[in-house]
Amino acid sequence: MLGRGSSVFLRQALGHQSMLTMGFHHSNGSDHSVAGQGALGQARLHHQFRNGLRLGFGAGYVAEKDALFRSTSTGAFGGAGDTQSQYYSISAAGPVANGITVFADYTEATAQPAFSSGSIFSNWSRVRANSFAVGITRQSVYAAGDRLGLTLRQPLRVRQSSADVTLPVARDLAGNVIQQTQRLDLEPDGQQLDIQLAYRRQLGTSSHIRAFSTLSLQPGHARAAEPQVAVGVKWGLTF
C-alpha cells in the first residue's frame, strides 16, 4: 500500500528454529500520485519444525496519507483523508516430496475510511479486505539447483464494506432538489486471480536468471474486465 522509501528492520533469533523480525518503512509516495505516502510498522514471527514445515505470523499498522488502500478520490466522491489500517497474516510452507515444496499465505486487513464532508458517501462501515496465495515449487527440474514454481494469487480485495450514498432524484415545483439516501454494498463484483509460472536458474557462480509469465483474470476485481498477460526476464550479477 506504500511506495518506495526508507526502511529499517531488526532481526532476532528466538531459540534455534525461531526468528522475530520487526521493521519500519516510510514513503513520500510517487511523483505522479499522492497515493503511496505514509508509514508502516510491522512484526513477523517465523518458526521451522524438524520435519521442514515453516510457519509465519505477522501483524502490522499502516498510516496512509490522503488515501485508502492506496486509492484516492476527488470531486463528488470527496477527498480521502488520512487512513489508519491494520493487517494480520499467516503463512506456511513445507516439503511434500523430494525437491517439491508447497506454500500458502493469507492476509486480512481492516480500516475505517475518512472522507471529506463534500462526499456523496457517508456513514462508512469498517472496510475489511484480504489477499491470499497458494503455490508449489520444484527444485532441480532442468539443471541442478534451478527452481520452477506455479502460484495462484488474489491481490488485496475488499470483501466487506458498506456506506450510505446520497443522490439527487427529483426537483419540486419550487426548484428545490430532492435527495435520496440508500445503503450500498461496496464489495467489487469480480475477483482478480493471478496465475504465475516462474523459473530461476543459476548461471555459473556469480549470476542468475529469472523468468516469469502471469495471467490475470478479472483484473482490478472487475468481472467484465478482459484477462491480462505479462511476461518478464531478469538477470542478476553478484560481485
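This note walks through some contacts and strands of the structure above, point by point.

1. A word before you start: what you are looking at is a predicted model. Keep the structure open and find each residue as you read.

2. Let's begin with the strand pairing around β10. Strand β10 covers residues 162-171 and strand β11 covers residues 177-185; the two run antiparallel and are joined by 9 bridges. Together they make a hairpin with 5 residues between the strands. In the turn you will find Gly175, whose phi is positive, at about 90 degrees. Next to the turn, look for Arg171, which stands opposite Val177 in β11.

3. Strand β10 has another partner as well. Strand β7, residues 121-122, pairs with β10 in the antiparallel sense over 2 bridges. Here Ser122 has Asp164 of β10 as its bridge partner.

4. Asp164 is worth a second look. Its side chain meets that of Arg183 in a salt bridge, at 3.0 Å from N to O. Arg183 sits in strand β11 and Asp164 in strand β10, and the two are 19 residues apart. Are these two residues buried or exposed, or in between? Asp164 counts as buried because its relative accessibility is 17%, which is under the 20% cut-off. Arg183, at 39%, counts as partly exposed.

5. The search of the whole structure finds 4 salt bridges, and here are two others. Glu187 and Arg157 meet through their side chains at 3.1 Å, N to O. This pair links distant parts of the chain: Glu187 is in the loop between β11 and β12, Arg157 is in strand β9, and 30 residues separate them. Arg157 is buried, with a relative accessible area of 10%, while Glu187 is partly exposed at 34%. The other salt bridge joins Asp82 and Lys65 at 3.9 Å, N to O. Both residues lie in the loop between β4 and β5, so the pair ties together parts that are 17 residues apart in sequence. Asp82 is partly exposed at 39%, and Lys65 is partly exposed at 38%.

6. Stay with that loop for a moment, since Arg70 is found in the loop between β4 and β5 too. Which residue, 68 residues away along the chain, has its C-alpha atom 7.1 Å from that of Arg70? It is Leu2. Arg70 itself is partly exposed, with a relative accessible area of 39%. In strand β5, residues 83-97, you can find Ser89. Ser89 is buried at 11% relative accessibility, and its side chain makes a polar contact of 2.8 Å with the side chain of Arg44.

7. Now for the rings: there are 2 aromatic pairs. Phe121 and Trp124 form a tilted pair, 5.9 Å centre to centre, with 55 degrees between the planes. Phe121 counts as buried, at 16%. Tyr142 and Tyr199 form an edge-to-face pair, 5.8 Å centre to centre, with 70 degrees between the planes. Tyr142 is in the loop between β8 and β9, Tyr199 is in strand β12, and they are 57 residues apart. Tyr142 is exposed at 61%, whereas Tyr199 is buried at 18%.

8. Finally, turn to the surface. A nonpolar patch there has about 940 Å² of accessible area together, and its residues include Val96, Ile136, Leu152, Leu197 and Leu215. Which elements give two or more residues to the patch? They are β8, β9, β12, β13 and β14. Leu215 lies in strand β13 and is partly exposed, with a relative accessible area of 32%.

Notes: Residues are numbered from 1 along each chain as its sequence is written. This is a predicted model: local features need pLDDT of at least 70, side-chain atom pairs count only at pLDDT 80 or more; totals for chains, interfaces and linings use all residues. Side-chain values use heavy atoms; hydrogens and water are left out. Rings of Phe, Tyr and Trp (its six-membered ring) pair if their centres lie within 6.5 Å; planes under 30 degrees apart count as stacked, over 60 as edge-to-face and the rest as tilted. Buried means under 20% relative accessible area, exposed over 50%, partly exposed in between (1.4 Å probe, protein chains only). Helices (H or I, at least four residues) and strands (E, at least two) are DSSP runs, numbered from the N terminus. Patches are made of residues with over 30% relative accessible area and no salt bridge: like charges are joined within 9 Å, nonpolar side chains (Val, Leu, Ile, Met, Phe, Trp, Tyr) within 5 Å. Accessible areas come from the Shrake-Rupley method with a 1.4 Å probe; for residues, only the protein chains shown count as cover. Two strands pair if DSSP finds at least two bridges between them. A polar contact is a pair of N or O atoms within 3.5 Å; within protein, one must be able to donate a hydrogen and the other to accept it, and residues adjacent in sequence count only if both atoms are side-chain atoms.
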